Amino acid sequence: GLGQVLMPMATPSVRAEGGVYIMYYHGGNFDETRIADYLDEEKAANVPEGATIAGMKMKIGAAVSQDGTTWGRIEGEDPSGACVVPFDRDDPNVDASLDFPEELYCGWPEVVVNPPGEGESNPPPKDRDNFFMYYSTMLKDTKEKAIGFATSENGFKWTKKGICLSPTDETLDSMGCARCHVVKKAHLNEDQQWEEDKTGWIM
């Protein structure tokens, strides 16, 4: 599924690698996982023992294009080529010491550019978190749908930061959080009649 496409010049200060479009998308392969892993205990009891499904352990990939029509995948650090994968302590390719909940899938990526703030150098330093990614996931232990968060310096190599939004009882998201959209805060400059960035984000 499609997540998002970043334009070659997302802001005057942060340029996508090589001046190209970057597409973020998610997908699953033919690896099978237990259907019961995605259900609460009551529903799982109605599923035949050992029943499996393919394609549910979704991962996030990236592709680039110079013209917006012809795309080439960028190989991520995961053996599958993905750049963001579900956090699973049984996966030998992830850092099992990280202190956040295990995930069943990663999908529907939303990526925003993090422009330099007041007082920061322009262009920003190489080791700065220039890109933020928000993605939909399901937590392995609780079966809750939640929003995960990752950061990147270049838009291709990502560092997971854990869960940034989880369901809250007796609210609009009590059954789960998923498929967010994030925008930079802004206000209208009435003298110049254009929008100017403000500190912060809205999800």
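In what order do the four strands of the open sheet stand, and is their pairing parallel or antiparallel? I would like to start there, keeping in mind throughout that what we are looking at is a predicted model. The order is E7-E8-E9-E10, and the pairing is antiparallel. At the edges stand strand E7, residues 103-113, and strand E10, residues 158-165, each of which pairs on one side only. If we ignore direction, neighbouring strands of this sheet are turned against each other by 30 degrees on average. As a general reminder, the strands of a sheet pair through backbone hydrogen bonds, in either a parallel or an antiparallel way.

Let me look at one of these pairings in detail, namely that of strand E9, residues 145-152, with E10, which is antiparallel and runs over six bridges. In this pairing Ser152 stands opposite Trp158 in E10, and I ask you to remember Trp158, as I will return to it in two other settings.

Before that, a word on the whole protein, which has one helix and 12 strands. Followed along the sequence, the pattern is β-β-β-α-β-β-β-β-β-β-β-β-β. The C-alpha trace spans about 65 × 40 × 35 Å along its principal axes, and of the 203 residues, 40% count as buried.

Now to the aromatic residues, for which a search of the whole structure finds seven pairs. One of them joins Tyr24 and Trp158 in an edge-to-face arrangement, with 6.0 Å from centre to centre and 80 degrees between the planes. This pair links distant parts of the chain, since Tyr24 sits in strand E2, residues 21-27, while Trp158 sits in strand E10, 134 residues apart. Are these two residues buried or exposed? Both Tyr24 and Trp158 are buried.

A second pair is made by Phe87 and Phe100, and it counts as tilted because the ring centres lie 4.9 Å apart with the planes at 55 degrees. Phe87 and Phe100 are 13 residues apart, and both are found in the loop between strand E6, residues 72-74, and E7. Phe87 has a relative accessible area of 2% and is therefore buried, and Phe100, at 13% relative accessibility, also counts as buried, given that the cut-off for this class is under 20%. Elsewhere, Phe132, Tyr134, Phe149 and Trp201 form one aromatic cluster.

Finally, I turn to the pockets, where Trp158 appears again. The largest pocket holds about 370 Å³ of space, and its lining is made up of 18 residues, with Val85, Asn93, Val94, Trp158 and Lys160 lying nearest its centre. Sorted by class, that lining contains 10 nonpolar, three polar and five charged residues.

The second largest pocket has a volume of about 280 Å³. Of the 13 residues in its lining, Asp40, Lys43, Lys143, Glu144 and Met175 are the closest to its centre. By class, the lining of this second largest pocket divides into five nonpolar, three polar and five charged residues.

To bring the threads together, which residue should we keep in view when we next open the model? I would suggest Trp158, which stands opposite Ser152 in the pairing of strands, forms an edge-to-face pair with Tyr24, and is among the residues nearest the centre of the largest pocket.

Note on methods
Residues are numbered from 1 along each chain as its sequence is written. This is a predicted model: local features need pLDDT of at least 70, side-chain atom pairs count only at pLDDT 80 or more; totals for chains, interfaces and linings use all residues. Side-chain values use heavy atoms; hydrogens and water are left out. On a 1 Å grid over the protein atoms alone, a cavity is a set of points where a 1.4 Å probe fits but cannot get out, and a pocket is an open set with protein on both sides within 12 Å along at least five of seven lines; lining residues have an atom within 4 Å of a point. Grid points are joined across faces, edges and corners, and a volume is the space filled by probe spheres set on the points. Ala, Val, Leu, Ile, Met, Phe, Trp, Tyr, Cys and Pro count as nonpolar, Asp, Glu, Lys and Arg as charged, and the others, Gly among them, as polar. Two strands pair if DSSP finds at least two bridges between them. Axes are lines fitted to C-alpha atoms, for helices over the stretch in contact, and angles run from 0 to 180 degrees between N-to-C directions. Rings of Phe, Tyr and Trp (its six-membered ring) pair if their centres lie within 6.5 Å; planes under 30 degrees apart count as stacked, over 60 as edge-to-face and the rest as tilted. Buried means under 20% relative accessible area, exposed over 50%, partly exposed in between (1.4 Å probe, protein chains only).
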